[in-house]
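Hi,

Here is the structure I promised to pass on. Have a look at it first, and then read on for what turned up when I went through it.

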Amino acid sequence: MKTIIFAGILLALLSFAFISKSDRTITGTVKDNAGAPIAGATITAKGTNIGTVSDINGKFSITVSDKIKALEISYVGYKTTTIKLTEKSDYAVSLKPQSSNLNEVVVIGYGTMTDDVVSNTYEPAMKEKVSGYAAYDKTYKFTPPRIVKDDEVQLDSSYFNTNFNTEGYDHIVENPFLKTNDNPLSTFSIDVDAASYANVRRFINEGELPPAGAVRIEELINYFTYNYPQPQNEEPFSINTEISTCPWNTDHKLVLIGLQGKKISTQNLPVSNLVFLIDVSGSMDEPDKLPLVKSSLKLLVDQLRPQDKVSLVVYAGNAGLVLPATSGDDKMKIKDAIDALDAGGSTAGGQGIQLAYDVAKKNFVKDGNNRVILCTDGDFNVGVSSEDELQTLIEAERTSGVFLSVLGFGTGNYQDAKMQMLADKGNGNHNYIDNISEAKKVFVNEFGGTLFTIAKDVKLQVEFNPGKVQGYRLIGYENRLLNKEDFNDDKKDAGELGSGHTVTVLYELIPIGMQDTMLKNVDALRYKKQKSPVKNNFNDEVMNIKLRYKKPDGDKSILIEHPLKDENIAFNSTSDNFRFAASVAEFGMLLRNSTYKGNADFTSVKQTAQSALGNDEEGYRKEFIQLVKSAATLKEKETTKEVKIIPVDASK
């Protein structure tokens, strides 16, 4: 008996020794060179996709194999640091600021520089335009082959065939100020996408300010969670409003409208029927593309319940079903199918989307969450690939009850405009995954909001009181504007709201009675009937907010109204929600070099954000402050030069 007991103890000790030798837990603290903790830094085991992020105190903990010899630590605006692992288990990491080499030349083909100063979109026709000295209104950043003089550059014309960034962004025309008397109604669809913020962060992290088309201010604002109260009735969201002085133009007022989606516990979420649609074409064969897709989706797999099911469809030159519907309980099988994917070939995106919808409909769950999750750089080039064709395809499938989530990956050829269109037309959302930390935010921290819709076709219509408001401007949402007649049209598509999601809207108002150059005058109309002032009980109201939404499986919209009364509250006395949203909007206007930025500057953005950190558990708001500092540094160092192009005969 003693022999058996001794053998059992020996076996247990050997097992423990084996486990402790094969895995180890590394802890540490990440700080900047001034000794301040850095929240949200990414820590990865070098050569793997295993990673974690630092908390608000800069601390981290990661379990790795004993074969791992080094960790890589990175953070926006700082140089990536590699630490060699020794016998120690705890490490102090200091990150140094990233110095940026901005010795780039902006080439203007005898044209005029516009507000959209730098576009990273290369148009094939541009080669001919440049060589023919035709005027154009976009500029391109690149490193020229050789410089002749300070004011002239000689370029080999063959250079225009290569080295261009082919990322695609829509040109955004900012919402102007509108006169209340002429335009009393402002109508638009909500937007819970957050892709723009992650993409902007990626640009700044790489030492470059983003092109204006990449900066969608509403998505910067809605990247963050705000502390709005949960709805208290059967409605899927609460409506919250606040008004104060506008920080970048103190003669104006700023209004916040905040929606808080009802948070549903994971246990009570509907059953999920998910189809992972993964681009495995040759363009995805980069570390920040398919390998990151795999790591991201495996985080999602870990959140699934036994009643959930996952299918896996891939596409390159053709599309195919790699994994039929599999229970969320069989996580190893799903992960093995994901790990087996390799990149190669052209990109038949339309064919893949069609197959994914077919698979989702085949396994459709009534009253469940039926969703296609598309992971791609958006660089479709085979079959159905134009925006019009893809839009027609998505709109045809929208009525099937299958939602579409679009996840963007990679750099260099990322097609942001196409991804936006797919998500908008597919009753879904759009996120950009630039690192494993962002994947964790989307698939773990915001699991319910990303995948479970609680209200669809959510539209807002704001009526302004001309007795209080002379003019107004909606900040952002330029690609979500609707005609006033669309508000009551239940056939008109609009945005979706997920479980626990928040939506924040800002309006800048020009009060009645003041002279303001932002409002443009037109001649009085000859035939307009003059109306006598209307007497009512609404004289103390600034605006009336109307919302329409449908239940996820509904066809008829439900109307909610919420008036806002005027108040005189000092900006510094407003909520953390109000001040932080205002700081993000101000940051976005600076990045866009907005006509309406007023007295905005990076210092005020940083100070306002620091005063409104609130309960920043995940460290996203602290990360934002670091991003503001990095952007301010890049702005100071940014030097662009207008030069003439002298074609060079490559044969000489």
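To begin with the overall picture, the protein has 14 helices and 28 strands. Keep in mind that this is a predicted model. Of its 652 residues, 52% count as buried. The accessible surface comes to about 29,900 Å², and carbon and sulfur atoms account for 50% of that. Long-range contacts show up a lot too: if you take contacts between residues at least 6 apart in sequence, 76% of them join residues at least 24 apart.

Now for the charged pairs, which is where I spent my time. Searching the whole structure gives 24 salt bridges. Here are some of them.

One is R216 with D416, whose side chains meet at 2.6 Å, N to O. That pair links distant parts of the chain, since R216 sits in the loop between α3 and α4 (217-221) while D416 belongs to helix α9 (residues 416-425), 200 residues apart. Are the two partners buried or exposed? R216 has a relative accessibility of 5%, so R216 counts as buried. D416 is buried as well, because its relative accessible area is 2%.

Helix α9 comes up again with D424, which forms a salt bridge with R480; the closest N and O atoms there are 2.6 Å apart. R480 is in the loop between β23 (469-474) and β24 (495-498) and D424 is in helix α9, so this pair ties together parts of the chain that are 56 residues apart in sequence. Both D424 and R480 are buried.

Then there is K441 with E446, where the closest N and O atoms are 2.8 Å apart. K441 has a relative accessible area of 2%, so K441 is buried. E446 comes in at 18% relative accessibility, and because the cut-off for buried is under 20%, E446 counts as buried too. If you are picking out networks, note that salt bridges sharing partners join D191, D193, D424 and R480 into one.

Next, a residue to zoom in on: R202, in helix α3 (residues 195-205). With a relative accessibility of 7%, R202 counts as buried. What does the side chain of R202 make a polar contact with? The partner is the side chain of E167, at 3.1 Å. Leaving aside residues up to four places away in sequence, R202 touches E167, Y169, G410, T411, Y432 and D434. So E167 appears both in that set of neighbours and as the polar partner of R202.

Last, a bit of strand pairing. Strand β5 (residues 70-74) pairs with strand β2 (residues 42-45) in the antiparallel sense, over 4 bridges. If you want a register point for that pairing, T42 stands opposite S74 in β5. β5 also pairs with strand β6 (residues 81-84), again antiparallel and over 4 bridges. There, E72 stands opposite T82 in β6. That puts β5 in antiparallel pairings with β2 and with β6.

That is what I have for now. Over to you!

Cheers

Conventions: Residues are numbered from 1 along each chain as its sequence is written. This is a predicted model: local features need pLDDT of at least 70, side-chain atom pairs count only at pLDDT 80 or more; totals for chains, interfaces and linings use all residues. Side-chain values use heavy atoms; hydrogens and water are left out. Helices (H or I, at least four residues) and strands (E, at least two) are DSSP runs, numbered from the N terminus. Buried means under 20% relative accessible area, exposed over 50%, partly exposed in between (1.4 Å probe, protein chains only). A polar contact is a pair of N or O atoms within 3.5 Å; within protein, one must be able to donate a hydrogen and the other to accept it, and residues adjacent in sequence count only if both atoms are side-chain atoms. Contact means heavy atoms within 4.5 Å. Accessible areas come from the Shrake-Rupley method with a 1.4 Å probe; for residues, only the protein chains shown count as cover. A salt bridge is a side-chain nitrogen of Lys or Arg within 4 Å of a carboxyl oxygen of Asp or Glu. Two strands pair if DSSP finds at least two bridges between them.
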